[in-house]
Amino acid sequence: MAGLLTVLAAVGLGLGAPTAAADTAPDDVLREAEPTDAVGGELVADGEPVEGVLVQVRRDGAEVGEAISDADGRWAVAVPGAGTYQVELVAETLPEGVELRDPDQNVRDSVRVSPGREQTVRFPFGDAGPVGTTSLADRAANSILNGLKFGLVVALCSIGLSLVFGTTGLVNFAHAELVTFGALGAWFFNSRTVGPTLTLVLAGVLGVAAAAVLGGSMHFLVWRPLERRRIGLVSMMIVSIGLGLLLRHVYGVVFGASPRTYTQFAAQSPWEWGPLVFPPKDLVLIPLAVVVLAGFALALQRTRLGTA
């Protein structure tokens, strides 16, 4: 257990250490602030980036900084530290023909920035349509799509839990924390604020590798010594509950409780296919989950290792 705590502490310090962000933020945005504390976002209207829009950031009425959206619609303003800020999109700088969905919502009064992260702020564009006109059939179709998406994610996460139980008889209550560690690892490698800003695919591969290292460490430092002492499965399940709580609180200390978004998914405009409204990432997530689940099922049934 001491060895596992040492590994977690080292990983936590590595993930929590800020790195220079000069390659990911304009020089006029830094404003002598810590590069890891920032407010940013992406302006997209009808699937196209909105360039040349002025965004101002204030704190308690005092100006902190401003930025102009680039050719990709992205903007970022470094802030002097964690806290609550006011973010205003200057409507007069919008290009002709581009309007906010709600013109009165060009100011965000309470944007909370957590230590060591960039808080994403969204400004929806376009017409949201008449309120209350969505039919029951449309809402049902979108609910089914969302249920399918989350069901596939849960199914992917349950593969490891099922395999561990099937081969050892142990219900590992820390399995969710292992999955979370992989997601946090991918976020770190993909992050603009504290990580190396790798592409999401490469960051995902490294996140899976990080979770595998943590799972292997738990096996050799926790489960194998308990097996050698002939500890019962019930006692091992209780240990897994404590280990899960430990990891959960370590994540809370290192990363905080605020949601984190991957760089490519920070401000995706939804797509509309008939009654369905969904972010573009779902077009990758759902088919990929189906392929992985089907491939894994075939591997269990058709390969020597799987049948064993």
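User: Before we look at the surface, what are patches made of?

Analyst: Patches are made of residues with over 30% relative accessible area and no salt bridge, and nonpolar side chains are joined within 5 Å. Keep in mind that this is a predicted model. Here L156, W271, W273, L283, V284, L288 and V292 make up a nonpolar surface patch, together exposing about 650 Å² of accessible area. Two or more of these residues come from each of strand 10 (271-273) and helix 7 (282-302). Helix 7 supplies the largest share, 4 residues, and L288 is in that helix.

User: Thanks! Now the open sheet: in what order do the 3 strands run?

Analyst: Strands pair if DSSP finds at least two bridges between them. In this model the order is 6-1-9, with mixed pairing. Strand 6 (74-78) and strand 9 (118-120) are the edges; each has a single partner strand, so one side of each lacks a neighbour in the sheet. From one strand to the next, the twist averages 25°.

User: In which sense do strand 1 and strand 9 pair?

Analyst: Strand 1 (residues 38-42) joins strand 9 in the parallel sense, over 3 bridges. To find the spot, look for G40, which stands opposite T120 in strand 9.

User: And how do I read the packing of helix 5 and helix 6? At what angle do their axes cross?

Analyst: Angles run from 0 to 180 degrees between N-to-C directions. The axes of helix 5 (residues 200-228) and helix 6 (residues 233-255) cross at roughly 150° and come within 12 Å. The crossing is right-handed. Helix 5 makes the contact through L214, M218, V222, W223, L226 and E227, while helix 6 uses M236, V239, S240, L243, L247 and Y251.

How values were computed:
Residues numbered from 1 in each chain as written. Predicted model: local features only at pLDDT ≥ 70, side-chain atom pairs only at ≥ 80, totals over all residues. Heavy atoms only, no water. Patch = residues over 30% accessible without salt bridge, like charges linked within 9 Å, V, L, I, M, F, W, Y side chains within 5 Å. Areas by Shrake-Rupley, 256 points an atom, 1.4 Å probe, with all protein chains shown as cover. Salt bridge = Lys/Arg side-chain N within 4 Å of Asp/Glu carboxyl O. Left-handed = near helix turned anticlockwise from the far one by under 90°. Contact = heavy atoms within 4.5 Å.
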